[in-house]
Amino acid sequence: RCLSRYNNSNTNSTIFHKTKRLAVALRCSGMIGMTVLNPLFCVLAMNYASPSILAPFSGLTLVWIVLFSETLIGEKPSRKQMIAASLIVLGEVVVAFWGDHTNDENITLEDVAQSYAKPLFDLY
C-alpha cells in the first residue's frame, strides 16, 4: 500500500526492485551459510580442536547478527541485544582460556555409536 505511490515513477520502481533483489540475495546467502556451510565447517574444525572448545562458538552467530544488523538492514540493536552479545563474547573468552583443550584421540566410531544407544543420551 505504501509503495503503490512509487509505481508511477520508473526511477523509484527500479530502486525498489534492486533493494528487493539485494534483500533476497542476502536472505538466500544467509540461509545457505547457516544450513550448509556452518555445519560443514564445524565438522571439519573438529579434526583440529576439541569439541568442548568449538561448540560454544556457535553462539557467535548471534553476535554477528547484532554487529552487522545496522549496516546490512538498518536496524539498530537494542541495549539488551548489545549486552547479550557482550555476554556471549565473554563466555567465549572464558571457554578459550579455561576450557578443556584436550582431544580424545582414542575414541573409535564404535564407541560413539554405543554412546548413542545409552538411555542417558536419549534423555539428553
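The following exercises, each with a worked solution, concern a predicted model.

**Exercise 1.** Determine how many aromatic pairs the structure holds, and classify the pair formed by W64 and F68 as stacked, tilted or edge-to-face.

*Solution.* The structure holds two aromatic pairs. For W64 and F68, the ring centres are 6.1 Å apart and the ring planes stand at 25°. Rings count as a pair if their centres lie within 6.5 Å, and planes under 30 degrees apart count as stacked. The pair of W64 and F68 is therefore stacked.

The next step is to place this pair in the chain. W64 and F68 are four residues apart in helix α3, which covers residues 60-73, and are thus separated by about one helical turn. An α-helix has 3.6 residues a turn, so residues three or four places apart point the same way. Both side chains can then be assigned an exposure: W64 is partly exposed at a relative accessible area of 48%, and F68 is partly exposed at 43%.

**Exercise 2.** Classify the pair formed by F97 and W98 as stacked, tilted or edge-to-face, and state whether F97 and W98 are buried or exposed.

*Solution.* The ring centres of F97 and W98 are 5.8 Å apart, with planes at 55°. An angle that is neither under 30 degrees nor over 60 counts as tilted, so the pair of F97 and W98 is tilted. F97 has a relative accessible area of 60% and is exposed; W98, with 69%, is exposed as well.

F97 and W98 also belong to a nonpolar patch on the surface, together with I83, L87, V89, L90, V93 and V94. The accessible area of this patch is about 830 Å² together. One of its members, V89, lies in helix α4, residues 79-98, and is partly exposed at a relative accessible area of 37%.

**Exercise 3.** Describe helix α3 by its span, its bend and its buried residues.

*Solution.* Begin with the span: α3 has 14 residues and reaches 19 Å from its first C-alpha to its last, close to the expected 20 Å. As for the bend, α3 turns by about 40° at L67. After α3 comes G74, with a positive phi near 75°.

The buried residues of α3 are L60, T61, V63, V66 and S69. V66 may serve as a check: buried means under 20% relative accessible area, and V66 has 13%, so V66 counts as buried. Finally, V66 and S78 are 12 residues apart along the chain, and their C-alpha atoms are separated by 8.9 Å.

Key. Residues are numbered from 1 along each chain as its sequence is written. This is a predicted model: local features need pLDDT of at least 70, side-chain atom pairs count only at pLDDT 80 or more; totals for chains, interfaces and linings use all residues. Side-chain values use heavy atoms; hydrogens and water are left out. Rings of Phe, Tyr and Trp (its six-membered ring) pair if their centres lie within 6.5 Å; planes under 30 degrees apart count as stacked, over 60 as edge-to-face and the rest as tilted. Helices (H or I, at least four residues) and strands (E, at least two) are DSSP runs, numbered from the N terminus. Buried means under 20% relative accessible area, exposed over 50%, partly exposed in between (1.4 Å probe, protein chains only). The expected span of a helix is 1.5 Å times one less than its number of residues. The bend at a residue is the angle between axes fitted to the seven residues ending there and the seven starting there. Patches are made of residues with over 30% relative accessible area and no salt bridge: like charges are joined within 9 Å, nonpolar side chains (Val, Leu, Ile, Met, Phe, Trp, Tyr) within 5 Å. Accessible areas come from the Shrake-Rupley method with a 1.4 Å probe; for residues, only the protein chains shown count as cover. A salt bridge is a side-chain nitrogen of Lys or Arg within 4 Å of a carboxyl oxygen of Asp or Glu.
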